[in-house]
Amino acid sequence: MFSTTRYFWRETFRSLFRNSFMSLASILTVTLSMFILGMFVCVVTNIDHMATYLESQVEMTVYLDDNLSTSQVMNVGSQIKKMPGLTKITFTNKDQAMVKFREELGDQASILNAVSGNPLPASYALSFESPEQLKTSAQSVAKIQGVESVQYGQDIIEQLYKAAQFVRIAGVIIIVFLAGAELFIISNTIRLTVFARRKEIQIMKYVGATNGFIRWPFINEGLVIGLVGSGIASGLVYYGYQLALKQITEAGLVFIPFMKTYPFMMYTVLALLGSGAFIGILGSAISLRKYMKV
C-alpha cells in the first residue's frame, strides 16, 4: 500500500516537471481565478455585514407638530408605546433638539445666530426589535394625530442591499467564467500528459493494470495544481485583506463595521483551498474520462 502510494506521487511530480510550462500555466490560472473569487467573497460578505449592522442600528424619528400642548405630546407618546416590537422610546423637546444641533455643527454653530426662534420640532426616537417591525410601525405612527413626519434609514439599507445583490450576481458570472477557464487549462494539461504517455498506458493495460491504478497519478496532478494555485491565492487574499483593514484603521474609518480577520479569513481560505482542489480533480477527471479509452 505504501509503495503504491509512493509510486503515485512520484509519477505525479515527474509529470508536473515534465510538462512544466503547462503546469505553470494551470497554476497561474487557478491562482488568478481564486484570487478574484476571494476578493469577491470579501466584498460581498462585508457589504452584507454592513447592511445587517446598519439595519440593527436604524432608529425611527417621529417629528411632532409645533402647536401641540404637553398633554397632546404625551398622548402621542402613549399611542407610540403600544406599537409591537418597540424596545426604546426617547423624547427630545425643541430646546434639547437645538442644543444637540449646535453640538453637531461645532465650529459652524454661529450660523444659527441669524435664525430667529427655534425652528426645530420636538421628536420621539424609537427603536424596534427587528427592521420589519420598524418599517410596519412607521406607517402606523405616521397616521397618529399630531405627528408631522416620520423618518428612518430604510432607503439607505435598501440601496446597500441592491449594491450587494449586484456585486453578488457579477461575482457569480465571473466565478463561473473563471472556473470554466480553470477546468479547460487543467484538463488540457492532463490531456497532454496522457497523450505523451499513451504507449506507457497501453503497456500498463496489457500487463493487467486497472484504470484506477492508471488514473491516480493524473488525479493527484490535478489536485496538486488546484491546491498550489488556490494556496497562493489564499495567501494573497489573506494579506491583502489585512492590509486593507490596516489602511482603513489608519484613515480613521474605524466606525465602518468590516468583518474581523478571524474567523472570517480562516473560513475564506479553507473555502478557496477546497474549491481549488475540487476544480483540479474535476479537470483531471474530465480529461481522463475521454482519453483513458484510447
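Me: Where does Pro 263 lie in this structure?

Reply: In this predicted model, Pro 263 lies in helix H9. Helix H9 covers residues 261-291, and Tyr 262 lies there too.

Me: What makes the peptide bond from Tyr 262 to Pro 263 worth a look?

Reply: That bond is cis, with omega near 5 degrees. As background, most peptide bonds are trans.

Me: Why is Tyr 262 called exposed?

Reply: Its relative accessibility is 62%. The word "exposed" is used for values over 50%, so Tyr 262 counts as exposed.

Me: Which residues make a nonpolar surface patch with Tyr 262?

Reply: Its partners are Met 266, Tyr 267 and Leu 270. Together, the four make a patch of about 480 Å². A patch residue needs over 30% relative accessible area, and Tyr 262, at 62%, passes that cut-off.

Me: Let's turn to charges. Why do Glu 11 and Arg 14 count as a salt bridge?

Reply: Their side chains meet at 2.7 Å, N to O. The cut-off is within 4 Å, so this pair qualifies as a salt bridge. In general, side chains of opposite charge can pair when their charged atoms come close.

Me: What separates Glu 11 and Arg 14 along helix H1?

Reply: About one helical turn, because these two are three residues apart in helix H1, which covers residues 2-18.

Me: Why is Glu 11 called buried, and why is Arg 14 called partly exposed?

Reply: Glu 11 has a relative accessible area of 5%. Buried means under 20%, so Glu 11 fits that word. Arg 14 has 39%, and values between the buried and exposed cut-offs are called partly exposed. Trp 9 is also found in helix H1. With 31% relative accessibility, Trp 9 counts as partly exposed.

Me: How many salt bridges are there by this rule?

Reply: The count comes to two. Besides the pair in helix H1, Lys 94 forms a salt bridge with Asp 66, where the closest N and O atoms are 3.4 Å apart. That value also falls within 4 Å, so the pair qualifies.

Me: Why can Lys 94 and Asp 66 be said to tie parts together?

Reply: Lys 94 lies in helix H4, while Asp 66 lies in the loop between S1 and helix H3 (70-80), so the pair links parts that are 28 residues apart in sequence. Lys 94 has 25% relative accessibility and counts as partly exposed. Asp 66, at 49%, counts as partly exposed as well. Its value is not over 50%, so "exposed" does not apply.

Me: Now the pockets. What makes up the lining of the largest pocket?

Reply: There are 16 lining residues, and those nearest the centre are Thr 61, Tyr 63, Thr 92, Lys 100 and Ser 123. Strand S1 (60-64), strand S2 (86-92), helix H4 (94-105) and strand S3 (123-128) each supply at least two residues of the lining. By class, the lining has seven nonpolar, five polar and four charged residues. About 380 Å³ of space lies in this pocket.

Me: What is the volume of the second largest pocket, and which residues are closest to its centre?

Reply: The second largest pocket has a volume of about 190 Å³. Of its 13 lining residues, Cys 42, Val 43, Asn 46, Tyr 241 and Ala 244 are the closest to the centre. Helix H2 (20-57) and helix H8 (211-250) each supply at least two residues of this lining. Its classes are eleven nonpolar, two polar and no charged residues.

Me: One more! Why is Val 147 called buried?

Reply: Val 147 has a relative accessible area of 11%. This is under 20%, so the word "buried" applies. Val 147 lies in strand S4, residues 147-151. Its C-alpha atom is separated by 9.0 Å from that of Ser 123, 24 residues away along the chain.

Conventions. Residues are numbered from 1 along each chain as its sequence is written. This is a predicted model: local features need pLDDT of at least 70, side-chain atom pairs count only at pLDDT 80 or more; totals for chains, interfaces and linings use all residues. Side-chain values use heavy atoms; hydrogens and water are left out. Patches are made of residues with over 30% relative accessible area and no salt bridge: like charges are joined within 9 Å, nonpolar side chains (Val, Leu, Ile, Met, Phe, Trp, Tyr) within 5 Å. Accessible areas come from the Shrake-Rupley method with a 1.4 Å probe; for residues, only the protein chains shown count as cover. Helices (H or I, at least four residues) and strands (E, at least two) are DSSP runs, numbered from the N terminus. Buried means under 20% relative accessible area, exposed over 50%, partly exposed in between (1.4 Å probe, protein chains only). On a 1 Å grid over the protein atoms alone, a cavity is a set of points where a 1.4 Å probe fits but cannot get out, and a pocket is an open set with protein on both sides within 12 Å along at least five of seven lines; lining residues have an atom within 4 Å of a point. Grid points are joined across faces, edges and corners, and a volume is the space filled by probe spheres set on the points. Ala, Val, Leu, Ile, Met, Phe, Trp, Tyr, Cys and Pro count as nonpolar, Asp, Glu, Lys and Arg as charged, and the others, Gly among them, as polar.
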